[in-house]
Amino acid sequence: MSDKKPTNPLNLKNPKLLQQASFINNEFKPAKSSETIAVHNPFNGKFIGSIPSLSVAEIEHAVDCALMAQADWASKTAFARAKILHAWADLIDAHKEDLAIIMTSEQGKPIKESRGEIDYACSYIRFFAEEGKRIYGDILPADKDGMRYIVLKQPVGVCACITPWNFPVAMFARKVAPALASGSVMLVKPASQTPFSALAFGVLAVSAGLPKGVFQVITGKADTVGQVFTKNANIAKFSFTGSTEVGKKLMAQCSQTVKKVSLELGGNAPFIVFDDANLDSAVDGLIASKYRNAGQTCVCANRIYLHTAIKDEFIKLYQQKVEQLIVGNGLDETTDIGPLINQATMDKALTLMQNAMDQGATLVTGGQIHNRSKLCLTPTILDNVNENMDIATTEIFAPISAIYHFDDEKDVIRRANDTIFGLACYFYTNDLARSWRVSQQLEYGMVGQNTGLISTAVAPFGGIKQSGFGREGSKYGIEEYLNLKYWAINID
Ligand code: SIN
């Protein structure tokens with residue numbers, strides 16, 4: 001048997017898209033030493049490849065390259081930058097199938113969701129390519145004779161971000177696109193579980209004509225990269241998507257160089273179904289919210305509040321549909337739910353579920369490790385959950401629906417808000433007055449009414465409380481990458 005590594009382990013049409021390297025200054029650099037990080041397919045544990053674990057000096061070198069690139073990139077017109085960004089999006093589109101295979105292989109999500117995520121990432125690149133052309137300044141009415149006041153909006157400079165494994169491309173696309181469109185440059189550190197998707201975007205960035213140093217992919221240990229990204233004084237802006245715990249540490253580290261910071265952290269989304277709701281539509285919305293990416297999203301329904309008048313009917317309808325979801329290898333076209341990312345995530349889910357059941361929650365369906373993979377959990381419904389259980393205060397990040405009951409609107413709003421998190425929330429009602437009351441009182445950055453899917457490039461994504469600050473997407477998202485400069489002129 002040959003011990004040679006397969007040259008095209010994922011059977012890609014374009015094998016060059018799988019780069020076992022870092023991407024610095026438009027070059028793919030394989031590891032210099034044995035310092036590498038192995039990447040495995042979470043469904044079957046198969047080795048996909050490895051990436052370099054860069055040293056501090058190598059990461060600092062990439063920051064220098066970014067700094068070198070900054071001025072030239074900022075001096076281009078927004079129209080010239082948009083042209084390159086659109087070319088990048090077109091190439092991503094053209095290679096969607098290979099990119100989806102890479103994503104599903106390293107992340108596990110169903111291939112149809114990977115295709116959807118690639119479209120979602122492209123939508124940020126295209127939206128911000130255009131939004132970059134609409135960065136207006138201001139002329140302010142003067143309060144003194146002979147004075148003129150002008151406000152300029154300028155690119156923030158060198159930016160860096162750390163992004164999570166649950167959305168290997170969309171989470172950096174919505175940071176990179178507004179940065180690049182408005183004249184800044186970006187270093188991305190993708191999660192070590194899912195680096196190949198970001199590196200493949202790097203291959204296409206070169207083909208699209210992105211100049212050296214404008215977009216770089218830094219591979220390595222989270223702590224080492226995080227130290228450089230948060231402490232290097234040449235990095236002006238830092239953005240992070242991930243857990244609240246890690247976000248707090250990174251925010252503290254950024255204080256040393258007083259960076260502009262955006263954080264998209266954990267969530268604990270309530271999903272409230274009132275007694276006047278359309279139940280079929282609420283069931284579909286809940287499935288979309290809860291079981292997308294096997295429940296591994298920050299905006300997943302984490303606490304499902306059902307009005308007691310409709311709970312039995314709702315659970316019956318919901319169970320019927322949940323039991324039809326197909327669990328398995330994400331590469332199979334029919335799969336609806338792939339594996340969890342790793343054993344720790346599975347162990348946490350099983351512990352939360354068992355503890356809840358020990359305290360009185362009832363298992364409606366699921367709760368089993370699926371026979372196709374040790375990381376696949378059958379879609380689970382737990383009823384009679386209450387707020388004294390750990391599952392009520394923890395981001396579940398697994399395909400487990402935790403159901404609570406309520407009778408009264410005020411009470412459910414109080415319970416929904418009783419969390420340190422404030423990212424997304426959902427409610428179903430057709431009552432107009434209630435719609436306004438509830439949406440105004442829910443303490444969240446994003447509210448979905450009569451829908452379980454709220455994510456889009458044209459709207460501001462982000463949270464309040466310990467879910468972070470800053471917005472991604474929409475006209476607000478580009479402001480995070482701009483500095484205001486006030487210019488006072490005495491014309492006398
Ligand atoms: C997330 O889970 O952090 C983001 C999900 C999304 O963009 O919909």
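These legends go with a set of close-up views of a predicted model.

**View 1. The two domains, side by side.**
Here's the overall split to keep in mind: the protein chain is divided into domain 1 (15-265 + 468-486) and domain 2 (269-449). Taken over C-alpha atoms, the centres of the two domains are 31 Å apart. As for where they meet, 23 residues of domain 1 are in contact with 29 residues of domain 2.

**View 2. The largest pocket and what lines it.**
This pocket has a volume of about 910 Å³, and 33 residues line it. If you want to find its centre, look for W165, F240, G242, S243 and V246, the lining residues that lie nearest to it. Four elements give two or more residues to this lining: α7 (222-231), β10, α8 (244-254) and α11 (343-358). Of these, α8 gives the most, with six residues. Sorted by class, the lining of the largest pocket comes out as 14 nonpolar, 13 polar and six charged residues. Both domains pitch in here, with at least three lining residues from each of domain 1 and domain 2.

**View 3. S239 on strand β10.**
Now zoom in on strand β10, which covers residues 237-241 and holds S239. S239 has a relative accessibility of just 1%, so it counts as buried, the cut-off being under 20%. Who does S239 touch? Leaving out residues up to four places away in sequence, its partners are A160, C161, I162, K175, S262, E472 and Y481. Strand β10 itself should look familiar from the previous view, being one of the elements that give two or more residues to the lining of the largest pocket.

**View 4. E264, the residue flagged in UniProt.**
An unreviewed UniProt entry lists E264 under "active site"; that annotation comes from the record and may be inferred rather than shown by experiment. In the model, E264 sits in strand β11, which runs over residues 260-264. Is E264 buried or exposed? With a relative accessible area of 4%, E264 is buried. Setting aside neighbours within four places in sequence, E264 is in contact with M171, R174, F240, T241, G242, C298, L423, F461, S467 and E472. A couple of those names have come up already: F240 and G242 are among the residues nearest the centre of the largest pocket. E472 also turns up among the residues that S239 touches.

**View 5. The largest cavity, between the domains.**
Searching the whole structure turns up two cavities of 30 Å³ or more. The largest cavity holds about 80 Å³ of space. It is lined by 14 residues, and F167, M171, C298, V299 and F461 are the closest to its centre. M171, C298 and F461 are also contacts of E264. By class, the lining of the largest cavity has seven nonpolar, four polar and three charged residues. Why does this cavity lie between the domains? Domain 1 and domain 2 both give residues to its lining, so that's where it ends up.

**View 6. The second largest cavity.**
Last stop: a space of about 40 Å³. The residues lining the second largest cavity are A288, S289, R292, T297, V299, C300, Y426, G452, L453, I454 and S455. Split by class, that lining has six nonpolar, four polar and one charged. Look out for V299, which lines this cavity and is also one of the residues closest to the centre of the largest cavity.

Notes:
Residues are numbered from 1 along each chain as its sequence is written. This is a predicted model: local features need pLDDT of at least 70, side-chain atom pairs count only at pLDDT 80 or more; totals for chains, interfaces and linings use all residues. Side-chain values use heavy atoms; hydrogens and water are left out. Buried means under 20% relative accessible area, exposed over 50%, partly exposed in between (1.4 Å probe, protein chains only). Contact means heavy atoms within 4.5 Å. On a 1 Å grid over the protein atoms alone, a cavity is a set of points where a 1.4 Å probe fits but cannot get out, and a pocket is an open set with protein on both sides within 12 Å along at least five of seven lines; lining residues have an atom within 4 Å of a point. Grid points are joined across faces, edges and corners, and a volume is the space filled by probe spheres set on the points. Ala, Val, Leu, Ile, Met, Phe, Trp, Tyr, Cys and Pro count as nonpolar, Asp, Glu, Lys and Arg as charged, and the others, Gly among them, as polar. Domain bounds come from an automatic or database domain assignment.
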